[in-house]
Amino acid sequence: MSLVSKMESKSSATSPSERRLHKELLALIKEPPPGVKVDVDSVGKNLQEWKINIDGVEGTLYEGEHFQLLFKFNNKYPFDSPEVTFIGSNIPVHPHVYSNGHICLSILTDDWSPALSVQSVCLSISSMLSSCREKKRPPDNTLYVKTCNKNPKKTKWWYHDDTV
Amino acid sequence: MKVKIKSWMGVATWRWIANDENCGICRMSFENCCPECSLPGDDCPLVWGACSHCFHMHCIVKWLNSQPNSQQCPMCRQNWKFNIQ
Amino acid sequence: MTDIDAVWERTCKVFPILKKTLSETSVGNEDIEHVIRELSALGLCESVYESAFIEFDFILRQQIVPRFWKHFESVPDPDTGFYNFQLAVHELYSDFSRAQEVLRRLTLFRQVCRLKNQEKVAKSEEATFDELFRSVLLSQLAANFNDIVYAFYKVSFRIFANSYDNNDQDEFAEDMIELNCNGCGKETERCRCQELVCAFNTTNKHLYKMHLLDKLAGYTLTNLIQERITAHVEETCKGVFDASHIKNLQKWLDTIVINWLTRIFNRGSSKISEGDGYTHNVIENFRIKLSYFLYETYAKLIIDQFFNIIIDFPDSQLAIDDLKVCLEKIDLRKHLIKTLKQSLEARLLHPGVNTMDILTGYVAAIKAIRHLDPSGVLLETTTEPIKEYLRKRSDTVRCVITGLTEEGPTDLAEELAKSETLKENVDVKGKDEMLNWEVWNPDPIDASPVPRPKRTSRSADIISMVVDIYGSKELFVNEYRNLLADRLLVQLDFNPEKEIRNLELLKLRFGDSLLHSCEVMLKDISDSKRINSHIQSDLNYSNGKAFPISSLILSSQFWPAFNKETLELPDEIQDEFKKYTTSYEAYKGNRTLVWRPVTGRVVLEIELAGRTLEMTVNPTQAAIIHYFQERNEWALEELSGLLKIPPSILRKRISFWQTQGLIKERDTDIYTLIDEMEQSQVDPSQSQEICEEDESESAMASASDQREEELQVFWSYIVGMLTNLDSMPIERIHQMLKMFASHGSGVEFTQEELKNFLQRKVREYKLIYNGGVYHLPK
């Protein structure tokens with residue numbers, strides 16, 4: 001990074017979305033909710049892509065498991081929702097989570113609100129996992145994974161029943 | 001002895017009468033301006049919805065404009081209506 | 001008389017040296033050859049030849065040399081010293097000349113009888129004698145010999161230099177009625193310069209012929225000339241910085257000094273004949289050595305005066321240019337750095353110099369030193385102590401700001417008006433370096449090898465250099481903000497138009513974003529005036545008020561942290577503020593005011609028996625005296641509870657009224673209003689002064705309090721990070737925090753500062769340091 005661009009990134013030349021992301025990052029580092037850890041290294045390299053580690057909650061089917069989420073933000077954030085997928089070697093086996101990491105969760109698309117945050121999305125995903133009663137892939141997993149767009153936000157989701 | 005106050009120059013800070021400290025959209029303090037503005041207060045006012053949630057006017061308008069189909073409060077998802085006081 | 005005796009008699013006649021005398025008898029060559037044949041027949045050639053040299057040795061030791069040195073026994077005045085030397089050399093020369101005849105005969109002697117050892121005698125008789133002559137002469141060297149030689153040449157040089165000066169300045173000579181000749185010091189009519197020059201030339205000629213010039217005079221000559229050079233440089237160049245001297249100095253050396261030397265070594269003539277390579281070489285060697293000496297002397301003179309040159313800059317540019325020329329020939333860098341540092345320290349860095357003057361000196365030093373060394377390395381090395389010193393002075397930023405925004409000796413305002421932004425600077429510099437790679441020069445070897453990330457580049461402009469005192473422009477602007485806040489809230493002695501103009505200039509310089517807060521602050525002040533006048537015109541408010549309130553209404557997010565002092569105003573006063581707030585709420589809808597009762601300014605009229613005091617005090621003082629209006633006596637505890645001020649601070653605040661003579665401490669922590677009889681005895685003249693002094697308290701949190709708060713914010717990040725990542729070395733922590741800070745307030749700190757902070761946390765058992773990494777206790 002050249003000195004000039006460093007100076008620019010410092011000033012109000014920072015975009016509104018970057019400012020909000022920065023505020024969220026600081027809050028997340030300062031008071032991380034239980035079982036949620038932001039990978040500070042990845043964020044340090046690129047404020048638009050966060051890796052977040054979440055732990056399976058005790059007393060649920062996912063207890064003892066560790067998952068990694070990837071958040072991608074565009075410059076319309078928070079007016080536009082982030083792209084959120086599971087990544088890494090351990091994709092949770094869950095009726096709303098495809099084996100390619102895509103998550104079927106309405107707040108990530110249709111029900112997105114700028115009042116939501118990285119933290120609240122993480123907690124929603126965590127509670128989605130926690131409320132699961134049987135570990136299995138979505139019924140259309142094979143077909144979806146073969147045909148879907150790389151970006152889960154491009155999928156026209158027919159939302160599964162929340163009570164799974 | 002009698003003490004008479006001839007004049008008093010005091011110092012105060014202004015604050016919005018709102019039930020929250022930060023704007024739920026940009027996360028900035030209400031006493032600060034939204035990220036698009038440089039001056040707080042008169043130049044970057046708050047607005048209230050019928051649901052009683054409030055935001056920087058510029059933030060909520062930007063949100064509503066980005067939602068062609070529904071006009072919901074980002075906080076409570078009720079239909080957004082400006083509360084004209 | 002035997003034959004042998006007769007032969008000896010004849011031999012002694014031809015070689016009187018054998019009888020220990022140089023007295024010549026004129027003898028024809030036939031006589032000499034006759035004697036030689038006789039000696040040859042007797043087989044005595046060799047022993048006679050050798051005894052001749054033995055006798056030479058004897059005469060030299062016992063007669064000639066002692067006679068020569070006897071001239072130097074008494075310590076003479078310079079005048080007789082001159083003649084002494086001349087006479088001594090003259091005598092010596094006559095002995096030397098007589099010896100030459102003897103030597104000639106000895107040469108003949110050797111050639112005629114073909115002495116056996118002829119092959120061994122590689123040297124001529126002259127050379128053998130010369131060697132003997134010099135070694136005996138020098139072995140008996142008189143203690144004060146050099147002084148006499150010195151005196152001799154000094155007189156000569158004076159006469160010589162004077163004759164040059166007279167030629168140069170004929171027009172002046174007529175104006176001056178000179179009683180004494182500048183050359184010989186005698187009355188003008190009896191000037192003996194001519195005579196002295198003759199004697200001088202003769203003496204040098206004699207010395208030259210005896211091959212003694214270099215041996216006897218060389219060392220002293222060099223000393224003398226160096227001394228003359230030093231004196232000449234001092235006379236002509238000291239304190240004169242607005243002219244270049246190098247050409248004149250070089251000319252002076254080439255004409256006066258070199259010509260004089262030429263005359264000495266060239267037997268009185270200033271023109272060396274074409275074929276005389278030896279003399280030519282001698283003079284050329286002198287010229288080179290003395291040139292270096294001249295440059296060194298001149299350079300040292302400039303260096304010694306460099307502080308004055310800095311102060312005179314830019315009028316002293318020519319002196320610096322001269323120094324540059326000298327430094328190209330002679331490496332005096334270390335001396336320069338040492339001297340410069342010392343003089344800056346001695347002249348600037350002590351409590352007797354006020355900060356503005358140090359700053360002025362610093363700015364002048366930047367300009368002058370950069371003129372000398374555009375690479376900036378010298379500047380960096382020599383001015384670091386100034387920067388360090390300025391950092392420790394509390395009023396530095398104030399002075400820089402004043403310098404930047406007001407006409408003054410620092411020229412900073414002028415520099416600011418040029419209004420190049422730092423950013424442009426960096427940009428241009430980078431491009432320049434690539435475009436002008438051909439003229440790139442490496443840093444001098446004493447440049448700091450440590451790369452300097454994030455710091456101002458060495459060739460940055462003056463304002464950057466000044467701002468760099470604070471390490472970064474962010475820290476500088478932060479200080480400016482604190483200063484501005486203080487001026488706006490406490491001193492109230494600001495001129496809004498001027499502050500706005502200053503801010504505009506600073507914005508051009510440092511960019512809008514860094515100064516955004518300051519802009520809002522200034523706008524708050526002007527908005528407050530409008531709001532005030534609106535509220536005053538609100539009849540609901542103005543009809544019911546007990547006293548006039550005006551207020552500064554601030555945007556809390558944009559001001560530096562306020563101090564944490566507390567104060568609860570008496571109810572009846574608070575009510576007035578509530579009324580004001582109500583009016584504000586009605587005006588601004590949905591907004592209200594949060595008062596900071598400690599800050600502000602109150603004008604009181606205090607009626608006492610027979611007199612009325614009008615005073616300007618701070619709100620705490622006003623509240624205290626207000627309570628004494630209700631009751632004559634208060635216990636500290638009681639008052640502390642009412643005002644919500646800790647007793648220790650309240651005690652200090654009450655002391656204000658004690659110095660005013662209105663309140664006394666009747667008993668420990670019991671305060672009483674002084675009755676009105678006693679009051680009249682108090683001299684009220686000092687009241688205003690004390691009042692002002694107290695007024696200078698800051699409404700803002702102190703810098704160290706603010707710093708602590710910042711560090712506490714970082715602490716929560718550090719805890720967050722360590723929770724996430726278990727353990728981290730200090731470098732990582734520092735890097736991360738820098739990243740957070742870079743998106744935030746512009747707060748900066750060094751790794752060293754962080755280390756101290758972390759170590760403190762370790763001592764407080766809040767952190768564990770183990771194996772080079774920090775982690776949280778389980």
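Two residues are in contact if their C-beta atoms, placed from the backbone, lie within 7 Å. Keep that cut-off in mind for C:A368. This residue touches C:I309, C:I310, C:F313 and C:I320, leaving aside residues up to four places away in sequence. The model is a predicted one.

C:A368 also belongs to a wider group. The largest nonpolar core has 171 residues. C:A368 is among those with the most contacts inside this core, along with C:Y298, C:I302 and C:I309. Which helix gives the most to the core? Helix 4 of chain C does, with twelve residues from the stretch 78-113. A second core is separate and has 37 residues. Among them are A:V38 and A:L108, as well as C:I718 and C:Y774. Nonpolar side chains tend to be buried together in soluble globular proteins.

Now take chain C as a whole. Its 778 residues include 31% that are buried. Chain C has 33 helices and nine strands. Consider the contacts in chain C with a separation of 6 or more: residues 24 or more positions apart account for 69% of them.

Some of those strands join a sheet with chain B. Four strands form this open sheet, in the order 1(C)-1(B)-2(C)-3(C). The pairing is mixed. Which strands stand at the edges? They are strand 1 (549-554) and strand 3 (611-617) of chain C. Each has a single partner strand, so one side of each is left without a neighbour in the sheet. On average, neighbouring strands are turned by 20° against each other, direction ignored.

Look next at strand 2 of chain C, residues 591-608. Seven bridges join this strand to strand 3 of chain C, and the two run antiparallel. At one of the pairings, C:L608 has C:R611 as its bridge partner. A helix lies across this sheet region. Helix 25 of chain C (residues 571-588) crosses strand 1 (2-16) of chain B together with strand 1 and strand 2 of chain C. Helix 25 runs at about 140° to strand 2 of chain C.

Chain A has an open sheet of four strands too. Here the order is 1-2-3-4, with antiparallel pairing. Strand 1 (36-38) and strand 4 (83-87) of chain A are the edge strands, each pairing on one side only. Neighbouring strands are turned by 25° on average, direction ignored. Three bridges link strand 1 to strand 2 (residues 49-55) of chain A. Across this pair, A:K37 stands opposite A:N53. Helix 4 of chain A (residues 118-130) packs on the sheet and touches strand 1, strand 2, strand 3 and strand 4 of chain A. Its direction makes about 40° with that of strand 2 of chain A.

Methods:
Residues numbered from 1 in each chain as written. Chains lettered and ligands numbered in written order. Predicted model: local features only at pLDDT ≥ 70, side-chain atom pairs only at ≥ 80, totals over all residues. Core = buried A, V, L, I, M, F, W, Y, C linked by C-beta atoms within 7 Å. Buried ≥ 20, exposed ≤ 12 C-beta atoms within 10 Å, placed from the backbone. Pairing = 2+ DSSP bridges. Axes fitted to C-alpha atoms, helices over the stretch in contact; angles between N-to-C directions.
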